[in-house]
Amino acid sequence: MNKNRRMAGVLVCLCLLFLSLPVCGEKETVTVVDAWGEYVDVPLNPERIVVLPSTLIELIYALGEGDRIVGRGVGVPAYCPSAEDLPCIASCSVGPNVEAILDLNPDLVIMCSAKGTKPATAIEHLQSAGVPVLRLPSSCEPDTLLPQIETLGLILDKQEETDEFVGFIEEYLDLIEERTEDLEPGGRPTVYFECKEYKTVNGETPMQHHINLAGGTNIAAEQSVKRPIVSPEWVLETNPDIIVVGVSGSSPRTEEVMRGTRDDTRSRPGLKEVKAVEEKKVYTISKKLMKGIGMPIGCLYFAKWFHPDLFEDIDPEAVHREMLQTFFDVELEGVYACP
Amino acid sequence: MSDDEVFDAEEVYARASGKKTLFTLVLFVGVLAVAVFATSMGAASLGMGESFGAVLAEFLPVEEVSTFAQVVVLQLRLPRILMAIITGISLGVAGAVMQGVLRNPLVSPYTLGLSSGAACGAAIAIVLGVGVLGAGRYVIVINAFFFSLLTMAIVYGISRMRGTSVETLILAGVAMGYLFSAVISLLKYVSGNEELREIVFWLMGGLYTARWENVIILIPAVLFFTLLLMRYSWDLNAMSAGEEVASSLGINVNRVRIICLSLSAVLTASVIAFTGIIGFIGLVSPHVCRLLIGSDHRYLIPCSGLIGALVLLVSDTACRTMISPTEIPVGIVTAFIGVPFFLYLLVSRKRRWWQ
């Protein structure tokens with residue numbers, strides 16, 4: 001009995017030794033650009049990838065390579081239900097757990113460029129353990145979405161799928177830009193965007209890009225704090241043409257919630273007299289549509305709300321549905337925006 | 001000869017209490033004046049005349065005021081100003097009573113774990129139950145209120161087991177405070193980005209959510225509990241001479257202690273459930289008053305409340321207007337305005353304020 005167990009132990013050790021041999025061998029690499037614009041070599045065609053930002057998980061799913069992901073961060077993207085079963089190896093406040101990551105034996109770890117000592121320490125540990133780490137720019141920034149897809153396409157060796165996906169997104173972003181770029185300043189409605197009660201965004205946030213692209217003017221663009229809480233009376237005095245309320249939550253909301261939020265905003269004492277409320281131009285949108293892959297859809301909604309006449313032929317929900325069907329093979333569930 | 005002395009003592013007493021009454025009145029007028037001034041301050045460009053006109057037009061059908069001015073002043077500024085006043089009053093009163101009951105200068109709603117309890121309740125609501133905006137707001141408020149009172153009950157229960165000594169009560173409060181802070185840390189640790197931000201936000205505290213519907217509930221509650229607590233002033237005065245003295249004067253020390261503590265707990269809990277944690281005021285207002293008028297609780301309790309209201313109102317007005325339209329969390333401003341003021345009193349006054 002005891003002897004058998006020892007034999008088994010030796011066998012397991014041998015197996016592990018053989019398994020680890022190919023890892024030591026020369027691997028093909030590919031050169032990509034990281035979050036700081038530097039060229040870095042990462043393994044080509046990695047089979048086991050740990051991906052921390054949920055927006056990047058989404059992108060890998062969209063390229064049809066979701067089953068290469070072996071570990072994820074906290075967020076589970078709504079369009080990738082199967083990612084839920086992946087082991088979660090990080091937490092928002094503590095950052096990535098190096099031991100848990102090493103335990104998954106990944107060929108590549110993809111993180112975003114979050115600042116701070118915790119991710120930095122984790123990266124040091126991972127690299128000294130011989131695990132390549134790629135840091136891509138934060139997926140909340142609007143101009144990083146397409147380069148991110150290209151980079152992932154290079155690493156996963158999926159040129160055709162990448163082109164198709166990038167083409168789909170570019171088509172709509174270009175369409176919005178074409179129709180709004182020539183608008184006179186007077187033709188751009190003033191927009192008040194709210195992340196939570198009276199908390200808005202200034203001109204340095206990604207939201208500025210979305211509002212601007214869709215042909216609107218962010219009333220808080222000049223504020224010095226990035227996400228300031230503003231005086232209700234100031235909003236009232238500025239009298240925005242349109243109010244958009246961002247609704248948070250990891251899963252898509254029901255129509256009831258979106259409608260409730262909108263009606264709550266409308267009936268707030270300081271907002272009742274605002275033009276946007278009087279003209280029934282208060283909208284709610286899921287924050288999911290403000291970053292990553294949702295961004296182009298969010299911008300379509302914005303464009304349609306800011307300039308209904310210019311975008312009469314566009315149905316953002318249909319585009320959203322089409323994107324999910326084509327690239328994720330899932331149906332659109334829940335409500336992401338409420339007019 | 002002895003008749004003269006008695007007469008003198010009475011006169012001295014009358015003069016001293018006259019001074020204290022005057023001080024209370026001055027504070028009251030001060031709060032009113034600042035409130036009136038604050039009504040005309042804000043991000044919207046309304047002149048003083050327009051602001052006051054809007055208030056007057058509500059009562060006298062004389063002046064024509066724009067709806068804009070009316071909404072800004074009546075719907076936005078007034079509830080917030082009132083909220084600052086009643087929050088300041090309740091924190092100041094609760095602080096004075098708690099310090100008096102427990103005869104310890106470091107006691108405040110914060111040290112007794114009430115704030116941590118409320119924060120923990122709010123964090124639980126945020127992590128487990130936030131979602132629907134309307135319902136969500138009240139889920140947080142109710143949870144915070146409930147947990148705050150629960151903390152007081154636990155702290156008192158624990159100290160009961162050891163015969164209600166003051167030291168056990170305070171230490172149990174501090175310990176519970178740490179426990180709840182740990183729970184908050186745990187919740188922060190496991191929560192996602194959105195919830196984390198929400199919790200941090202709540203912990204900072206602020207008055208920007210003030211609305212008439214909250215203020216209307218809070219005003220009578222705060223006034224009622226404050227008056228109720230002032231009825232125990234004599235008992236608190238006797239207790240400050242020591243438990244034995246108080247007992248020999250026929251005061252049921254334990255009973256007074258539990259009543260005063262629970263009343264101040266309800267008082268604090270009901271406001272911080274709406275505002276989030278606003279520290280410092282509960283601790284410092286009583287000391288400021290002791291430095292200025294001594295420790296007679298008949299004056300100390302209302303004055304401490306008024307000082308609390310004054311500091312919070314000034315701070316909140318400053319945080320509304322300093323870099324308007326962006327607002328600064330009130331806790332930051334309270335500390336920046338209140339701490340130098342308190343330190344100045346601390347070094348400049350000769351009175352031994354705590355004996």
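**Figure 1. Crossing of helices α2(A) and α5(A) in the predicted model.** In this predicted model, the crossing of α2(A) and α5(A) is right-handed. Helix α2 of chain A spans residues 54–62, and helix α5 of chain A spans residues 145–156. The two helices pack at an angle of about 55°, and their axes are 10 Å apart. That angle makes α2(A) oblique to α5(A), because an angle of 55° lies outside the ranges counted as roughly parallel (under 35 degrees), roughly perpendicular (65 to 115) and roughly antiparallel (over 145). From α2(A), the residues A:L56, A:L59 and A:I60 meet A:Q148, A:I149 and A:L152 of α5(A). The residues of this contact divide into five nonpolar, one polar and no charged.

**Figure 2. Asparagine A:N105 in a loop of chain A.** The residue shown here, A:N105, lies in the loop between α3 (98–103) and β7 (108–112) of chain A. Its phi is near 50°, a positive value in a residue other than glycine. Is A:N105 exposed or partly exposed? A:N105 has 14 C-beta neighbours inside 10 Å and therefore counts as partly exposed. For the chain around this loop, the secondary structure comes to twelve helices and 14 strands.

**Figure 3. Tyrosine A:Y198 in another loop of chain A.** A:Y198 is found in the loop between β9 (190–194) and α7 (206–213) of chain A. The phi of A:Y198 is near 60°, which is a positive value in a residue other than glycine. With 21 other C-beta atoms within 10 Å, A:Y198 is buried, because a residue counts as buried when 20 or more such atoms lie within that distance. In chain A, buried residues make up 42% of the 339 residues. Of the contacts in chain A between residues at least 6 apart in sequence, 62% join residues at least 24 apart.

**Figure 4. Packing of helices α3(B) and α13(B).** Helix α3 of chain B covers residues 67–102, and helix α13 of chain B covers residues 297–321. These helices pack at an angle of about 140°, with 7 Å between their axes. That makes α3(B) oblique to α13(B), because the angle of about 140° is not over 145, the limit beyond which a pair would count as roughly antiparallel. The crossing of α3(B) and α13(B) is right-handed. The residues of the contact of α3(B) with α13(B) divide into 16 nonpolar, nine polar and one charged.

**Figure 5. The side of chain B that touches chain A.** How many residues of chain B are in contact with chain A? In this view, 31 residues of chain B are in contact with 30 residues of chain A. The elements of chain B that give two or more residues to this side are α3, α5 (133–161), α6 (166–190), α7 (193–204) and β1 (326–327). Among these elements, α3(B) gives the most, with six residues. The residues of the side of chain B that touches chain A divide into 14 nonpolar, twelve polar and five charged.

**Figure 6. Isoleucine B:I332 in helix α14 of chain B.** B:I332 lies in helix α14 of chain B, which spans residues 330–348. Having 14 other C-beta atoms within 10 Å, B:I332 is partly exposed. B:I332 and B:A35 are 297 residues apart in sequence, and their C-alpha atoms are 20 Å apart in space. Across chain B, residues 24 or more positions apart account for 75% of the contacts with a separation of 6 or more.

**Figure 7. Asparagine B:N193 in helix α7 of chain B.** The place of B:N193 is in helix α7 of chain B. B:N193 is partly exposed, with 13 other C-beta atoms within 10 Å. From B:N193 to B:G113 the separation is 80 residues in sequence and 26 Å in space, taken C-alpha to C-alpha.

**Figure 8. The setting of the chain B views.** The secondary structure of chain B comes to 14 helices and one strand. The radius of gyration of chain B is 22 Å, close to the 20 Å that the globule rule gives for 355 residues, so chain B is as compact as a globular protein of that length. Along the principal axes, the C-alpha atoms of chain B fill a box of roughly 70 × 55 × 35 Å. Of the 355 residues of chain B, 49% count as buried.

Terms used:
Residues numbered from 1 in each chain as written. Chains lettered and ligands numbered in written order. Predicted model: local features only at pLDDT ≥ 70, side-chain atom pairs only at ≥ 80, totals over all residues. Axes fitted to C-alpha atoms, helices over the stretch in contact; angles between N-to-C directions. Helix = DSSP H or I, 4+ residues; strand = E, 2+ residues; numbered from the N terminus. Left-handed = near helix turned anticlockwise from the far one by under 90°. Nonpolar A, V, L, I, M, F, W, Y, C, P; charged D, E, K, R; others polar. Rg over C-alpha atoms; globule rule 2.2 N^0.38 Å. Buried ≥ 20, exposed ≤ 12 C-beta atoms within 10 Å, placed from the backbone. Contact = placed C-beta atoms within 7 Å.
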